[in-house]
Amino acid sequence: MSLLLAFLGFLGFIVGLVLIVIGLIKKKKMKGGLVLGISVVIFIVGFILTPVDGTESGKQADTHEKVETVTKPKEETPEEKAAREAKEAEEKELAEQKAKEEAEVRAKAEAEAKAKAEAEAKAKAEAERIAKLEALKINGSGDTATKKFKLEKGFVIVDATHQGSSNFAVKLLDANANMIKLVVNEIGNYTGKKIYAVPTGEYQYEVTASGPWTINMSQEIPAEVAPEGKVTGTGDSVVFMNISKGAKTVAFTHDGSRNFVVKANDSVLLANEIGTYSGSKVQKVEDTSIYYFDITADGNWSMTFE
């Protein structure tokens with residue numbers, strides 16, 4: 001900046017001299033003297049401000065050293081280091097705690113979503129189960145060819161009632177009207193359960209009756225599964241029992257006057273008697289499992305697996 005002022009002062013000095021000369025030649029009053037004076041002043045100021053060699057570079061060096069001195073990191077004292085490390089540890093702990101809380105929130109949300117999905121799936125399955133049971137409920141009065149219904153492969157439990165004085169017979173027919181099974185064949189009023197095995201298919205009943213009747217079906221294992229041991233009942237009944245494998249002693253009693261028949265899994269005939277009965281036999285059980293029994297009786301009965 002000082003050099004620029006000196007240069008401008010020198011330039012103004014030249015211009016002032018030129019103006020004075022021109023004024024003398026033309027004998028006119030010019031402002032050369034004013035310009036010359038101002039220029040001299042500017043030149044002197046600039047000259048005074050011009051630094052001596054090395055002074056400016058020295059100042060720059062001092063400034064650079066000051067910058068370096070300012071920017072050079074300050075060594076920590078043991079107290080400062082301990083405070084810094086404590087702060088960093090606290091910040092780390094807070095970050096870990098926050099991450100843990102966020103993970104817990106996510107886990108809770110996921111668990112709630114899973115529980116909701118399971119509840120919805122369970123509710124849907126229950127609704128489907130109830131709808132299926134409703135579809136397998138049939139009722140009527142007198143002789144009737146029932147509506148057709150679908151059954152899956154497995155067992156079918158039939159819970160039937162009849163109010164009448166004549167024959168009550170329930171015949172199971174397949175889709176081609178072939179009789180598959182005579183499910184019930186009784187006289188007069190009737191309340192009882194039967195069970196039989198079927199392949200998947202479409203079926204219907206042909207009912208012979210003298211009064212109102214109901215047929216409710218199910219293909220589910222009931223909640224009441226008897227442990228291995230003794231069970232009792234009255235009339236036509238269905239029993240599910242959990243039996244272990246091995247040689248079993250099977251004992252029966254019956255105090256009725258008509259047929260007493262016990263069939264396991266619709267394939268193994270365990271008892272086939274008429275009237276009052278008490279007896280036992282040995283039966284080999286191949287696998288530990290739940291077995292179902294179809295019991296035909298007109299009185300009180302008992303069955304024991306040991």
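The legends below describe close-up views of a predicted model.

**View 1. Surroundings of Ile-180 in strand β6 of the predicted model.** Ile-180 belongs to β6, the strand that covers residues 179–187. Its relative accessibility is 43%, and Ile-180 is therefore classed as partly exposed, a class that lies between the limits of 20% and 50%. When residues up to four places away in sequence are set aside, the contacts of Ile-180 are Leu-172, Leu-173, Asp-174 and Tyr-203. For one of these contacts, Tyr-203, the separation from Ile-180 is 23 residues along the sequence, while the distance between the two C-alpha atoms is 9.3 Å.

**View 2. The largest pocket and its lining.** The volume of the largest pocket comes to about 540 Å³. Its lining consists of 27 residues, among which Asn-185, Glu-186, Lys-194, Asp-236 and Thr-296 are the closest to the pocket centre. Two or more lining residues come from each of the elements β6, β7 (190–198), β14 (259–264) and β17 (289–296). Strand β6, which also holds Ile-180, supplies the largest share of this lining, with seven residues. Sorted by residue class, the lining of the largest pocket comprises 10 nonpolar, eight polar and nine charged residues.

**View 3. The second largest pocket and its lining.** The second largest pocket encloses about 380 Å³ of space. Of its 17 lining residues, those closest to the centre are Ile-157, Lys-193, Pro-222, Glu-224 and Phe-240. The elements that contribute two or more residues to this lining are α4 (78–135), β4 (154–162), β9 (212–218) and β12 (237–243). The largest share, four residues, is provided by β12. The lining of the second largest pocket divides by class into eight nonpolar, three polar and six charged residues.

**View 4. The open sheet that contains β4 and β7.** Four strands make up this open sheet, in the order β1-β9-β4-β7, and their pairing is antiparallel. Strands β1 (137–141) and β7 lie at the edges, each pairing on one side only. From one strand to the next, the twist of this sheet averages 15°. The antiparallel strands β4 and β7 are joined by nine bridges, and in the pairing with β7, Ala-160 stands opposite Gly-192. The strands of this view also take part in the pocket linings, since β7 is among the elements that give two or more residues to the largest pocket, and β4 and β9 are among those that do so for the second largest pocket.

**View 5. The open sheet that contains β13 and β18.** This open sheet of four strands is arranged in the order β11-β18-β13-β16, again with antiparallel pairing. Because β11 (230–234) and β16 (277–285) each have a single partner strand, they stand at the edges, and one side of each is left without a neighbour in the sheet. The twist in this sheet averages 15° from one strand to the next. Strand β13, residues 246–254, and strand β18, residues 300–305, run antiparallel and are joined by five bridges. Within this part of the sheet, Val-250 has Phe-305 of β18 as its bridge partner. As a general point, the strands of a sheet pair through backbone hydrogen bonds, in either a parallel or an antiparallel manner.

Terms used
Residues numbered from 1 in each chain as written. Predicted model: local features only at pLDDT ≥ 70, side-chain atom pairs only at ≥ 80, totals over all residues. Heavy atoms only, no water. Buried < 20%, exposed > 50% of the residue type's maximum accessible area, 1.4 Å probe, protein only. Contact = heavy atoms within 4.5 Å. 1 Å grid on protein atoms, 1.4 Å probe; cavity = no way out; pocket = protein on both sides within 12 Å on 5 of 7 lines; lining within 4 Å. Points joined across faces, edges and corners; volume = space filled by probe spheres on them. Nonpolar A, V, L, I, M, F, W, Y, C, P; charged D, E, K, R; others polar. Pairing = 2+ DSSP bridges. Axes fitted to C-alpha atoms, helices over the stretch in contact; angles between N-to-C directions.
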